[in-house]
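Let's take a walk through this structure together. Have a look at it first, and then we'll go through a few of its features.

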Amino acid sequence: MTKGVAPQQLLSPTGAIAIIVGIVIGAGIFKTPSMVAGITGDVGWALSIWIAGSLISIMGALCYAELATAFPHAGGDYHFLTRAYGKNVSFLYGWAKAMVINTGSIALLAFVFGDYMTKVLPIGANSTMYWAALIVIALTLINLIGIHTSAGIQSFLTILEVCGLLAIIVAGFGIFAAPLPIVENPPLFSSNPQLGMLGLGMVFVLLTFGGWNESAYISAELKGTSKTVVTVIVASLAIITVIYLLVNLALINGLGLKVLASSKAAPADLLGLAFGPLGENLLALFVAIAALTSINATMIVGARANYAMGEDWQGLRKMSRWESSRGSPSIAYLVQGLVSLALVGFGALQSDGFEAMVEFTAPVFWIFLFLVGLGLFILRFKDPSVRPFKVPLYPITPLIFCASCGYLAYSSIMYAHSKGAVAISAYVMMAGLVALMYLRLKKSPNN
(Lines give C-alpha, C1' and ligand atoms only; values in the text may rest on other atoms or scores of the structure.)
Protein backbone atom coordinates (compact mmCIF):
# COMPACT_ATOMS: atom_id res chain seq x y z
CA MET A 1 0.00 0.00 0.00
CA THR A 2 1.46 3.30 -1.08
CA LYS A 3 1.32 6.35 1.14
CA GLY A 4 1.06 9.87 -0.20
CA VAL A 5 0.38 8.88 -3.82
CA ALA A 6 -1.88 11.29 -5.69
CA PRO A 7 -4.96 10.24 -7.70
CA GLN A 8 -4.37 9.44 -11.36
CA GLN A 9 -6.56 10.07 -14.40
CA LEU A 10 -8.10 6.60 -14.71
CA LEU A 11 -11.81 7.48 -15.00
CA SER A 12 -13.43 7.64 -18.43
CA PRO A 13 -16.02 10.34 -19.28
CA THR A 14 -18.68 7.63 -19.66
CA GLY A 15 -17.90 6.28 -16.19
CA ALA A 16 -17.98 9.80 -14.76
CA ILE A 17 -21.39 10.51 -16.32
CA ALA A 18 -22.69 7.20 -14.92
CA ILE A 19 -21.47 8.17 -11.44
CA ILE A 20 -23.12 11.61 -11.55
CA VAL A 21 -26.39 10.31 -13.04
CA GLY A 22 -26.37 7.49 -10.48
CA ILE A 23 -25.95 9.90 -7.57
CA VAL A 24 -28.68 12.29 -8.69
CA ILE A 25 -31.33 9.84 -9.90
CA GLY A 26 -32.34 8.04 -6.75
CA ALA A 27 -35.53 6.94 -5.08
CA GLY A 28 -36.73 10.57 -4.98
CA ILE A 29 -37.96 10.67 -8.58
CA PHE A 30 -40.38 7.86 -7.71
CA LYS A 31 -42.04 10.07 -5.05
CA THR A 32 -41.45 13.76 -5.81
CA PRO A 33 -43.73 14.10 -8.89
CA SER A 34 -46.80 13.32 -6.75
CA MET A 35 -45.75 15.86 -4.12
CA VAL A 36 -45.12 18.61 -6.69
CA ALA A 37 -48.42 17.87 -8.44
CA GLY A 38 -50.27 18.12 -5.12
CA ILE A 39 -48.52 21.36 -4.14
CA THR A 40 -49.13 23.17 -7.44
CA GLY A 41 -52.45 21.66 -8.55
CA ASP A 42 -51.63 22.68 -12.12
CA VAL A 43 -49.77 20.92 -14.94
CA GLY A 44 -48.18 24.11 -16.24
CA TRP A 45 -46.85 25.21 -12.85
CA ALA A 46 -45.68 21.69 -12.00
CA LEU A 47 -43.63 21.35 -15.20
CA SER A 48 -42.34 24.92 -14.83
CA ILE A 49 -40.96 24.09 -11.38
CA TRP A 50 -39.15 21.04 -12.75
CA ILE A 51 -37.66 23.13 -15.57
CA ALA A 52 -36.66 25.90 -13.14
CA GLY A 53 -35.05 23.33 -10.85
CA SER A 54 -33.08 22.00 -13.78
CA LEU A 55 -31.87 25.48 -14.75
CA ILE A 56 -30.77 26.29 -11.19
CA SER A 57 -28.94 22.96 -10.98
CA ILE A 58 -27.19 23.67 -14.29
CA MET A 59 -26.16 27.11 -13.00
CA GLY A 60 -24.67 25.49 -9.94
CA ALA A 61 -22.98 22.86 -12.08
CA LEU A 62 -21.39 25.58 -14.23
CA CYS A 63 -20.03 27.25 -11.07
CA TYR A 64 -18.58 23.91 -10.02
CA ALA A 65 -17.15 23.39 -13.51
CA GLU A 66 -15.11 26.60 -13.16
CA LEU A 67 -13.84 25.60 -9.74
CA ALA A 68 -13.15 21.98 -10.76
CA THR A 69 -11.17 22.97 -13.86
CA ALA A 70 -9.20 25.70 -12.04
CA PHE A 71 -8.51 23.59 -8.94
CA PRO A 72 -8.89 19.88 -9.84
CA HIS A 73 -8.62 17.76 -6.71
CA ALA A 74 -10.07 14.53 -5.34
CA GLY A 75 -11.37 16.57 -2.39
CA GLY A 76 -13.94 18.35 -4.58
CA ASP A 77 -15.87 21.09 -2.79
CA TYR A 78 -13.93 20.31 0.40
CA HIS A 79 -10.84 21.49 -1.49
CA PHE A 80 -12.63 24.60 -2.81
CA LEU A 81 -13.68 25.56 0.73
CA THR A 82 -10.11 25.10 1.94
CA ARG A 83 -8.76 27.46 -0.71
CA ALA A 84 -11.47 30.05 -0.13
CA TYR A 85 -11.88 30.03 3.67
CA GLY A 86 -9.07 27.97 5.17
CA LYS A 87 -8.83 24.55 6.76
CA ASN A 88 -11.10 25.17 9.75
CA VAL A 89 -14.20 25.76 7.62
CA SER A 90 -13.41 22.91 5.22
CA PHE A 91 -12.79 20.55 8.16
CA LEU A 92 -16.28 21.24 9.53
CA TYR A 93 -17.73 20.52 6.10
CA GLY A 94 -15.67 17.33 5.79
CA TRP A 95 -16.82 16.33 9.28
CA ALA A 96 -20.46 16.82 8.38
CA LYS A 97 -20.06 14.76 5.20
CA ALA A 98 -18.09 11.99 6.89
CA MET A 99 -20.30 11.62 9.94
CA VAL A 100 -23.81 12.30 8.67
CA ILE A 101 -24.37 13.70 5.17
CA ASN A 102 -22.66 11.02 3.05
CA THR A 103 -22.67 8.12 5.50
CA GLY A 104 -26.21 8.92 6.58
CA SER A 105 -27.32 8.93 2.94
CA ILE A 106 -25.58 5.58 2.40
CA ALA A 107 -27.29 4.06 5.44
CA LEU A 108 -30.74 5.44 4.62
CA LEU A 109 -30.50 4.29 1.01
CA ALA A 110 -29.34 0.91 2.28
CA PHE A 111 -32.59 0.68 4.29
CA VAL A 112 -34.57 1.57 1.17
CA PHE A 113 -32.73 -1.21 -0.67
CA GLY A 114 -33.38 -3.58 2.23
CA ASP A 115 -37.10 -2.78 2.33
CA TYR A 116 -37.59 -3.60 -1.34
CA MET A 117 -35.27 -6.62 -1.40
CA THR A 118 -37.19 -8.02 1.56
CA LYS A 119 -40.31 -8.05 -0.62
CA VAL A 120 -38.43 -10.14 -3.17
CA LEU A 121 -36.26 -12.29 -0.89
CA PRO A 122 -36.80 -11.98 2.89
CA ILE A 123 -33.98 -13.27 5.11
CA GLY A 124 -35.44 -13.46 8.59
CA ALA A 125 -37.21 -11.22 11.09
CA ASN A 126 -34.70 -8.38 10.64
CA SER A 127 -34.44 -8.83 6.89
CA THR A 128 -34.28 -5.09 6.08
CA MET A 129 -31.37 -4.50 8.46
CA TYR A 130 -29.51 -7.58 7.18
CA TRP A 131 -29.89 -6.51 3.55
CA ALA A 132 -28.82 -2.96 4.45
CA ALA A 133 -25.69 -4.11 6.25
CA LEU A 134 -24.82 -6.65 3.56
CA ILE A 135 -25.03 -4.10 0.74
CA VAL A 136 -22.86 -1.59 2.63
CA ILE A 137 -20.21 -4.27 3.17
CA ALA A 138 -20.44 -5.62 -0.39
CA LEU A 139 -20.18 -2.23 -2.10
CA THR A 140 -17.35 -1.12 0.19
CA LEU A 141 -15.38 -4.23 -0.81
CA ILE A 142 -16.14 -3.65 -4.50
CA ASN A 143 -14.90 -0.07 -4.28
CA LEU A 144 -11.74 -1.22 -2.51
CA ILE A 145 -10.92 -3.28 -5.61
CA GLY A 146 -10.54 -0.06 -7.60
CA ILE A 147 -12.15 2.68 -9.63
CA HIS A 148 -12.33 0.56 -12.81
CA THR A 149 -14.49 -2.05 -11.08
CA SER A 150 -16.68 0.39 -9.16
CA ALA A 151 -17.18 2.66 -12.20
CA GLY A 152 -18.01 -0.36 -14.37
CA ILE A 153 -20.61 -1.59 -11.90
CA GLN A 154 -21.92 1.96 -11.61
CA SER A 155 -22.40 2.16 -15.37
CA PHE A 156 -24.28 -1.17 -15.36
CA LEU A 157 -26.51 -0.16 -12.43
CA THR A 158 -27.23 3.23 -13.99
CA ILE A 159 -28.36 1.52 -17.21
CA LEU A 160 -30.74 -0.69 -15.21
CA GLU A 161 -32.01 2.33 -13.27
CA VAL A 162 -32.66 4.31 -16.45
CA CYS A 163 -34.45 1.26 -17.90
CA GLY A 164 -36.81 1.36 -14.91
CA LEU A 165 -37.59 5.00 -15.56
CA LEU A 166 -38.03 4.25 -19.26
CA ALA A 167 -40.61 1.62 -18.27
CA ILE A 168 -42.60 4.38 -16.53
CA ILE A 169 -42.30 6.58 -19.63
CA VAL A 170 -43.40 3.73 -21.90
CA ALA A 171 -46.36 2.96 -19.64
CA GLY A 172 -47.41 6.60 -19.36
CA PHE A 173 -47.56 7.12 -23.11
CA GLY A 174 -49.21 3.75 -23.77
CA ILE A 175 -46.32 2.31 -25.79
CA PHE A 176 -46.24 -1.52 -25.90
CA ALA A 177 -48.70 -1.56 -23.00
CA ALA A 178 -52.38 -2.02 -22.25
CA PRO A 179 -54.59 0.97 -23.20
CA LEU A 180 -54.86 3.43 -20.32
CA PRO A 181 -58.08 5.15 -19.20
CA ILE A 182 -58.59 8.52 -20.87
CA VAL A 183 -57.78 11.31 -18.43
CA GLU A 184 -58.56 15.00 -18.65
CA ASN A 185 -56.26 17.61 -17.13
CA PRO A 186 -57.20 21.28 -16.57
CA PRO A 187 -55.68 23.83 -18.97
CA LEU A 188 -52.11 24.91 -18.33
CA PHE A 189 -51.71 27.69 -15.74
CA SER A 190 -55.44 27.68 -15.01
CA SER A 191 -54.77 28.07 -11.26
CA ASN A 192 -52.67 30.53 -9.28
CA PRO A 193 -50.71 28.73 -6.50
CA GLN A 194 -49.35 30.88 -3.69
CA LEU A 195 -45.71 31.91 -4.01
CA GLY A 196 -44.86 30.02 -0.82
CA MET A 197 -46.33 26.82 -2.24
CA LEU A 198 -44.32 27.21 -5.44
CA GLY A 199 -41.24 27.70 -3.27
CA LEU A 200 -42.02 24.52 -1.35
CA GLY A 201 -42.36 22.63 -4.63
CA MET A 202 -38.99 24.00 -5.71
CA VAL A 203 -37.42 22.67 -2.48
CA PHE A 204 -38.55 19.12 -3.31
CA VAL A 205 -37.48 19.43 -6.96
CA LEU A 206 -33.99 20.70 -6.08
CA LEU A 207 -33.64 17.93 -3.52
CA THR A 208 -34.46 15.45 -6.29
CA PHE A 209 -31.76 17.07 -8.43
CA GLY A 210 -29.36 16.99 -5.47
CA GLY A 211 -26.00 15.28 -5.81
CA TRP A 212 -24.68 16.90 -8.99
CA ASN A 213 -22.13 18.83 -6.87
CA GLU A 214 -20.37 15.54 -6.13
CA SER A 215 -19.02 15.68 -9.69
CA ALA A 216 -16.21 17.88 -8.39
CA TYR A 217 -14.77 14.94 -6.43
CA ILE A 218 -13.84 13.07 -9.60
CA SER A 219 -12.35 16.04 -11.48
CA ALA A 220 -8.76 15.03 -10.68
CA GLU A 221 -9.30 11.44 -11.89
CA LEU A 222 -11.09 12.17 -15.16
CA LYS A 223 -9.33 11.36 -18.41
CA GLY A 224 -9.04 14.17 -20.95
CA THR A 225 -8.66 17.94 -20.77
CA SER A 226 -10.32 20.57 -18.59
CA LYS A 227 -13.08 20.84 -21.21
CA THR A 228 -13.92 17.20 -20.52
CA VAL A 229 -14.97 18.10 -16.97
CA VAL A 230 -17.38 20.74 -18.28
CA THR A 231 -18.77 18.34 -20.89
CA VAL A 232 -19.31 15.59 -18.32
CA ILE A 233 -21.11 17.88 -15.84
CA VAL A 234 -23.37 19.53 -18.43
CA ALA A 235 -24.11 16.24 -20.25
CA SER A 236 -25.05 14.56 -16.96
CA LEU A 237 -27.47 17.35 -16.01
CA ALA A 238 -28.97 17.35 -19.52
CA ILE A 239 -29.61 13.58 -19.37
CA ILE A 240 -31.16 13.86 -15.91
CA THR A 241 -33.38 16.79 -16.94
CA VAL A 242 -34.75 14.99 -19.99
CA ILE A 243 -35.47 11.84 -17.96
CA TYR A 244 -37.19 13.77 -15.15
CA LEU A 245 -39.40 15.75 -17.53
CA LEU A 246 -40.39 12.63 -19.47
CA VAL A 247 -41.23 10.77 -16.24
CA ASN A 248 -43.46 13.66 -15.10
CA LEU A 249 -45.19 13.92 -18.47
CA ALA A 250 -45.76 10.16 -18.51
CA LEU A 251 -47.31 10.18 -15.03
CA ILE A 252 -49.52 13.17 -15.87
CA ASN A 253 -50.59 11.61 -19.17
CA GLY A 254 -51.20 8.14 -17.76
CA LEU A 255 -52.84 8.95 -14.42
CA GLY A 256 -53.99 12.54 -14.71
CA LEU A 257 -52.93 15.36 -12.41
CA LYS A 258 -55.62 14.70 -9.79
CA VAL A 259 -54.81 11.00 -9.38
CA LEU A 260 -51.06 11.72 -9.50
CA ALA A 261 -51.38 14.30 -6.71
CA SER A 262 -53.30 11.91 -4.43
CA SER A 263 -51.24 8.77 -5.11
CA LYS A 264 -48.65 7.54 -2.62
CA ALA A 265 -47.04 5.26 -5.19
CA ALA A 266 -47.83 6.83 -8.56
CA PRO A 267 -45.24 4.90 -10.63
CA ALA A 268 -46.52 1.61 -9.21
CA ASP A 269 -50.11 2.61 -9.98
CA LEU A 270 -49.15 3.49 -13.55
CA LEU A 271 -47.17 0.29 -14.18
CA GLY A 272 -50.03 -1.70 -12.67
CA LEU A 273 -52.49 -0.16 -15.12
CA ALA A 274 -50.17 -0.73 -18.07
CA PHE A 275 -48.66 -4.14 -17.30
CA GLY A 276 -50.75 -5.63 -14.50
CA PRO A 277 -49.36 -7.09 -11.23
CA LEU A 278 -46.03 -7.86 -12.94
CA GLY A 279 -45.47 -4.15 -13.51
CA GLU A 280 -46.03 -3.34 -9.83
CA ASN A 281 -43.58 -6.06 -8.78
CA LEU A 282 -40.99 -4.81 -11.26
CA LEU A 283 -41.20 -1.34 -9.72
CA ALA A 284 -39.98 -2.71 -6.39
CA LEU A 285 -36.91 -4.02 -8.20
CA PHE A 286 -36.38 -0.70 -9.98
CA VAL A 287 -36.53 1.25 -6.70
CA ALA A 288 -34.03 -1.19 -5.14
CA ILE A 289 -31.70 -0.69 -8.12
CA ALA A 290 -32.10 3.10 -7.84
CA ALA A 291 -31.10 2.94 -4.18
CA LEU A 292 -28.20 0.61 -4.99
CA THR A 293 -26.95 2.94 -7.72
CA SER A 294 -27.02 5.96 -5.42
CA ILE A 295 -25.27 4.06 -2.61
CA ASN A 296 -22.38 3.03 -4.86
CA ALA A 297 -21.97 6.51 -6.36
CA THR A 298 -22.14 8.16 -2.93
CA MET A 299 -19.46 5.80 -1.67
CA ILE A 300 -17.16 6.70 -4.56
CA VAL A 301 -17.28 10.44 -3.92
CA GLY A 302 -17.63 10.24 -0.13
CA ALA A 303 -14.37 8.34 0.31
CA ARG A 304 -12.59 11.05 -1.65
CA ALA A 305 -13.77 13.68 0.84
CA ASN A 306 -12.26 11.56 3.63
CA TYR A 307 -9.05 11.26 1.59
CA ALA A 308 -8.83 15.07 1.27
CA MET A 309 -9.25 15.50 5.03
CA GLY A 310 -6.46 12.99 5.59
CA GLU A 311 -4.16 15.03 3.37
CA ASP A 312 -4.83 18.23 5.34
CA TRP A 313 -4.74 16.98 8.91
CA GLN A 314 -1.86 15.13 10.54
CA GLY A 315 -4.16 13.34 12.99
CA LEU A 316 -6.14 11.89 10.05
CA ARG A 317 -3.15 11.16 7.82
CA LYS A 318 -3.98 7.45 7.42
CA MET A 319 -7.09 8.35 5.38
CA SER A 320 -4.84 9.94 2.73
CA ARG A 321 -3.38 6.59 1.68
CA TRP A 322 -4.06 6.09 -2.01
CA GLU A 323 -3.45 2.88 -3.93
CA SER A 324 -2.44 4.20 -7.33
CA SER A 325 -2.82 0.89 -9.17
CA ARG A 326 -6.45 0.67 -8.10
CA GLY A 327 -7.36 4.34 -7.98
CA SER A 328 -8.71 3.75 -4.49
CA PRO A 329 -8.33 5.59 -1.14
CA SER A 330 -8.55 2.35 0.81
CA ILE A 331 -8.49 3.61 4.42
CA ALA A 332 -11.00 6.35 3.53
CA TYR A 333 -13.34 3.68 2.17
CA LEU A 334 -13.00 1.58 5.31
CA VAL A 335 -13.72 4.54 7.60
CA GLN A 336 -16.77 5.44 5.52
CA GLY A 337 -18.01 1.85 5.55
CA LEU A 338 -17.65 1.51 9.33
CA VAL A 339 -19.51 4.78 10.04
CA SER A 340 -22.25 3.75 7.58
CA LEU A 341 -22.62 0.37 9.28
CA ALA A 342 -22.85 2.09 12.67
CA LEU A 343 -25.67 4.27 11.32
CA VAL A 344 -27.41 1.17 9.92
CA GLY A 345 -27.27 -0.36 13.41
CA PHE A 346 -28.57 2.84 14.99
CA GLY A 347 -31.31 3.13 12.39
CA ALA A 348 -32.44 -0.44 13.03
CA LEU A 349 -32.89 0.35 16.73
CA GLN A 350 -34.37 3.83 16.35
CA SER A 351 -35.55 4.24 12.77
CA ASP A 352 -37.53 7.47 13.28
CA GLY A 353 -34.61 9.15 14.97
CA PHE A 354 -32.26 7.98 12.24
CA GLU A 355 -34.46 9.36 9.47
CA ALA A 356 -34.73 12.67 11.29
CA MET A 357 -30.95 12.79 11.77
CA VAL A 358 -30.33 12.29 8.06
CA GLU A 359 -33.12 14.54 6.81
CA PHE A 360 -32.54 17.40 9.21
CA THR A 361 -28.85 17.76 8.46
CA ALA A 362 -30.01 19.33 5.18
CA PRO A 363 -29.50 22.83 6.64
CA VAL A 364 -25.80 22.02 7.11
CA PHE A 365 -25.48 20.81 3.53
CA TRP A 366 -27.17 23.84 1.96
CA ILE A 367 -25.24 26.32 4.11
CA PHE A 368 -21.94 24.82 2.95
CA LEU A 369 -23.13 24.69 -0.66
CA PHE A 370 -23.92 28.40 -0.35
CA LEU A 371 -20.37 28.94 0.91
CA VAL A 372 -18.98 27.09 -2.13
CA GLY A 373 -20.96 29.38 -4.45
CA LEU A 374 -19.72 32.42 -2.56
CA GLY A 375 -16.22 30.94 -2.72
CA LEU A 376 -16.29 31.35 -6.51
CA PHE A 377 -16.28 35.14 -6.02
CA ILE A 378 -13.65 34.94 -3.29
CA LEU A 379 -11.29 32.76 -5.33
CA ARG A 380 -11.58 34.95 -8.42
CA PHE A 381 -10.27 37.79 -6.25
CA LYS A 382 -7.98 35.81 -3.95
CA ASP A 383 -6.45 33.40 -6.48
CA PRO A 384 -6.80 34.85 -9.99
CA SER A 385 -5.00 31.96 -11.66
CA VAL A 386 -5.69 30.73 -15.17
CA ARG A 387 -9.31 29.64 -15.63
CA PRO A 388 -9.65 26.92 -18.30
CA PHE A 389 -13.41 27.51 -18.05
CA LYS A 390 -15.30 30.55 -16.80
CA VAL A 391 -18.94 30.39 -15.74
CA PRO A 392 -21.13 32.16 -18.33
CA LEU A 393 -22.92 35.43 -17.46
CA TYR A 394 -20.73 36.08 -14.43
CA PRO A 395 -21.71 37.35 -11.84
CA ILE A 396 -25.43 36.74 -12.52
CA THR A 397 -25.16 32.94 -12.73
CA PRO A 398 -23.35 32.39 -9.41
CA LEU A 399 -25.54 35.01 -7.71
CA ILE A 400 -28.70 33.08 -8.68
CA PHE A 401 -27.07 29.88 -7.48
CA CYS A 402 -26.10 31.43 -4.13
CA ALA A 403 -29.60 32.87 -3.68
CA SER A 404 -31.12 29.43 -4.34
CA CYS A 405 -28.81 27.77 -1.81
CA GLY A 406 -29.59 30.44 0.76
CA TYR A 407 -33.32 29.94 0.25
CA LEU A 408 -33.00 26.16 0.61
CA ALA A 409 -30.89 26.56 3.76
CA TYR A 410 -33.57 28.84 5.25
CA SER A 411 -36.40 26.48 4.19
CA SER A 412 -34.55 23.47 5.62
CA ILE A 413 -33.99 25.24 8.94
CA MET A 414 -37.67 26.23 9.16
CA TYR A 415 -38.78 22.70 8.28
CA ALA A 416 -36.42 21.18 10.85
CA HIS A 417 -37.69 23.69 13.42
CA SER A 418 -41.28 22.65 12.72
CA LYS A 419 -40.28 19.06 13.51
CA GLY A 420 -38.34 20.07 16.63
CA ALA A 421 -35.13 18.71 15.12
CA VAL A 422 -32.89 21.75 14.62
CA ALA A 423 -30.78 20.56 17.55
CA ILE A 424 -29.64 17.50 15.55
CA SER A 425 -27.69 19.62 13.09
CA ALA A 426 -26.31 21.71 15.96
CA TYR A 427 -25.10 18.62 17.85
CA VAL A 428 -23.35 17.27 14.76
CA MET A 429 -21.49 20.54 14.19
CA MET A 430 -20.67 20.95 17.89
CA ALA A 431 -19.06 17.51 17.84
CA GLY A 432 -17.13 18.64 14.76
CA LEU A 433 -15.92 21.73 16.60
CA VAL A 434 -14.68 19.54 19.47
CA ALA A 435 -12.86 17.30 16.98
CA LEU A 436 -11.34 20.38 15.30
CA MET A 437 -10.08 21.74 18.63
CA TYR A 438 -8.57 18.35 19.47
CA LEU A 439 -6.71 18.15 16.15
CA ARG A 440 -5.52 21.74 16.53
CA LEU A 441 -4.19 21.07 20.01
CA LYS A 442 -2.64 17.75 19.05
CA LYS A 443 -0.78 19.02 16.02
CA SER A 444 -0.99 21.85 13.54
CA PRO A 445 -2.50 21.08 10.13
CA ASN A 446 -0.17 20.17 7.32
CA ASN A 447 1.22 22.97 5.20
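How many disulfides does a search of the whole structure find? The count comes out at 0. Keep in mind that this is a predicted model, so we're reading a prediction here.

To see what's behind that count, start with Cys63. Its closest cysteine sulfur belongs to Cys402, and the two sulfurs sit 6.9 Å apart, which is too far for a bond. A disulfide would need them within 2.5 Å. Now move over to Cys402, which isn't in a disulfide either: the nearest cysteine sulfur to its own is that of Cys405, 6.5 Å away. Both residues are tucked out of sight, by the way. Cys63 is buried, with a relative accessible area of 2%, and Cys402 is buried too, at 6%.

Next, find helix H11, which covers residues 266-275. Is this helix largely enclosed or largely open? It's largely enclosed by the rest of the structure, because 7 of its 10 residues are buried. Among those buried residues are Ala266, Pro267 and Ala268 towards one end, along with Leu270 and Leu271; Gly272 and Ala274 are buried as well. Just after H11 comes Gly276, and its phi is positive, near 80°.

So how far does the predictor trust its own picture? The chain averages a pLDDT of 79, and 86% of the residues score at least 70. Confidence is highest in helix H4 (residues 77-85), with a mean of 89. At the other extreme is helix H14 (residues 351-359), where confidence is lowest, at a mean of 52.

Note on methods:
Residues are numbered from 1 along each chain as its sequence is written. This is a predicted model: local features need pLDDT of at least 70, side-chain atom pairs count only at pLDDT 80 or more; totals for chains, interfaces and linings use all residues. Side-chain values use heavy atoms; hydrogens and water are left out. Buried means under 20% relative accessible area, exposed over 50%, partly exposed in between (1.4 Å probe, protein chains only). pLDDT is the predictor's confidence in each residue, from 0 to 100. Helices (H or I, at least four residues) and strands (E, at least two) are DSSP runs, numbered from the N terminus.
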